[in-house]
Amino acid sequence: MTLWEVFEIKPFIFRTAGKVIFGARTLRKLPDELKNFPPGKVLIVTDENLSKTEIVEHVIREIEISGREHILYDGVTPEPRVEQADRAGELAKECALVIGVGGGSSIDVAKGASVVASHGGKARDYIGVNKVPRRGIPIVAIPTTAGTGSEVTPTAVFLFDERKKGGINSPHIIPDLAILDPELTVTLPPSLTASTGMDALTHALESYVARSSNSMSEMFSLEALKLISQNIRIAYAVPDNIEAREGMLFGSFLAGIALAHAGVGACHSMSYPLGAFYGIGHGLANSVLIPHVSLYNAIAVPHKYALVASILGEKAENLSLRDAAFSVYDALLKLLYDLNLPVSLADLGVPEEDLPRLAASALEVERPLANNPRRIGYEEIYNIYREVYNFGREEGF
Ligand SMILES: [Fe+2]
């Protein structure tokens, strides 16, 4: 046990995907696994780029081996709108199951399609908490990024209405089967490896320090932090390093389990408007914010942040608890620089005059804010946005 670990068993309820298969070349197990689902067609939900690749071809081949027919929906975009789930849901009405292949967006649209096909109406009707009445047609998740952890979460996030972003949150949309094949992630370009990996790291970190964390979720958060911090730079620099890809996919999966049970915090509330207003990718939005949100939170749970800093490679053991906790800020900024990620909102093209309405919009993403370890309101959110906007403009790092 390291210096800052506090051992106390907090009560928990644990629930995850019906079955998880992890390992290189496990996509080949798909035909056997499909025997466990009701007979009928399969809807593949993916994005246009991926549908032209070997990966979707391979999925189709495995479905054909199983003797099933398939329908392909490849209209998923980054930061998907809720209407995509409606369109995929219409197609899913003639299918026995839905397979999401891709990043979190594709898996989320697959979840939404299952809901619409099974319970009617529009996906928009189910945005909120526990609005899905029961499980619908089965959902299979085949991630090709090591990021969202959507393969094990009860959430599907969409843009809806006018510049709003929110989720369908229900245990009934946790996938029935997740196939985690690290070989499917080796073709992910470095920039996406970095941004999706930072999303996974943010899940691990925010779930660990969250007010709703428990003994079980903390275990997953910490292991995820170790795996992601050990592998993210290597996966970015050497894309075909399969061990690093395995570490990242395992890490993002564990972080997904952690966030499914402990939730996330203020960084996610603040990243949502950046996606909704400017289409800034979720991973990029989280990565630019997380050092600054962590700096704000550190004094609320210093023993936790000190441990995180140590896992992220800071020499935290030789520091006071306070200094060790704050060193998480340096650790996260070093990651952004090494991964060549933007460090300020100005770099991302966010107009300075928008900061007040971004803060007002983040304030509406209430659940993660209430789960943040330190109390946070409009003023604090605005100040953090301002700090991130100006970061690096006056002095270098
Ligand atoms: Fe996320």
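These legends describe close-up views of a predicted model.

**View 1. Two domains and the contact between them.**
The protein is divided into two parts: domain 1 spans 26–180, and domain 2 spans 190–390. Taken over C-alpha atoms, their centres lie 26 Å apart. Domain 1 gives 18 residues to the contact, and domain 2 gives 24 residues. On the side of domain 1 that touches domain 2, six residues are nonpolar, seven are polar and five are charged.

**View 2. An open sheet of six strands.**
The strand order is 1-9-6-4-2-3, and the pairing is parallel. Strand 1 (19–22) stands at one edge and strand 3 (70–76) at the other. Each of these two has a single partner strand, so one side of each is left without a neighbour in the sheet. On average, neighbouring strands of this sheet are turned by 15° against each other, direction ignored.

**View 3. Strand 1 beside strand 9.**
This view goes to one pair within the six-strand sheet. Strand 9 covers residues 177–180. Strand 1 and strand 9 run parallel and are joined by four bridges. Lysine 19 stands opposite leucine 177, which is in strand 9.

**View 4. Helix 4 and helix 5 across the strands.**
Helix 4 covers residues 82–92. Helix 4 lies across strand 2 (42–47), strand 3 and strand 4 (97–102). The angle between helix 4 and strand 3 is about 175°. Helix 5 covers residues 104–119. Helix 5 lies across strand 2, strand 3, strand 4 and strand 6 (139–143). The angle between helix 5 and strand 4 is about 165°.

**View 5. An open sheet of three strands.**
Here the strand order is 5-8-7, and the pairing is mixed. Strand 5 (128–129) and strand 7 (155–160) are the edge strands. Each edge strand pairs on one side only. Strand 8 covers residues 164–169. Strand 7 and strand 8 are antiparallel, and six bridges pair them. Valine 157 stands opposite glycine 167 in strand 8.

**View 6. Arginine 25 in a loop.**
Arginine 25 is found between strand 1 and helix 1 (30–34). The phi angle of arginine 25 is near 65°, a positive value in a residue other than glycine. Is arginine 25 buried or exposed? Arginine 25 has 10 C-beta neighbours inside 10 Å, so this residue counts as exposed. The cut-off for exposed is 12 or fewer.

**View 7. Asparagine 130 in a loop.**
The loop that holds asparagine 130 runs between strand 5 and strand 6. Phi of asparagine 130 is near 55°, again a positive value in a residue other than glycine. With 12 C-beta neighbours inside 10 Å, asparagine 130 counts as exposed.

**View 8. Asparagine 231 in helix 7.**
Helix 7 covers residues 215–237 and holds asparagine 231. Asparagine 231 has 22 other C-beta atoms within 10 Å, so this residue is buried. The cut-off for buried is 20 or more. Which residues does asparagine 231 contact, leaving aside its neighbours within four places in sequence? The contacts are Ala244, Gly247, Met248 and Gly251. For methionine 248, the C-alpha atom is separated from that of asparagine 231 by 6.1 Å. Along the chain, asparagine 231 and methionine 248 are 17 residues apart.

Key: Residues numbered from 1 in each chain as written. Predicted model: local features only at pLDDT ≥ 70, side-chain atom pairs only at ≥ 80, totals over all residues. Domains from an automatic or database assignment. Contact = placed C-beta atoms within 7 Å. Nonpolar A, V, L, I, M, F, W, Y, C, P; charged D, E, K, R; others polar. Pairing = 2+ DSSP bridges. Axes fitted to C-alpha atoms, helices over the stretch in contact; angles between N-to-C directions.
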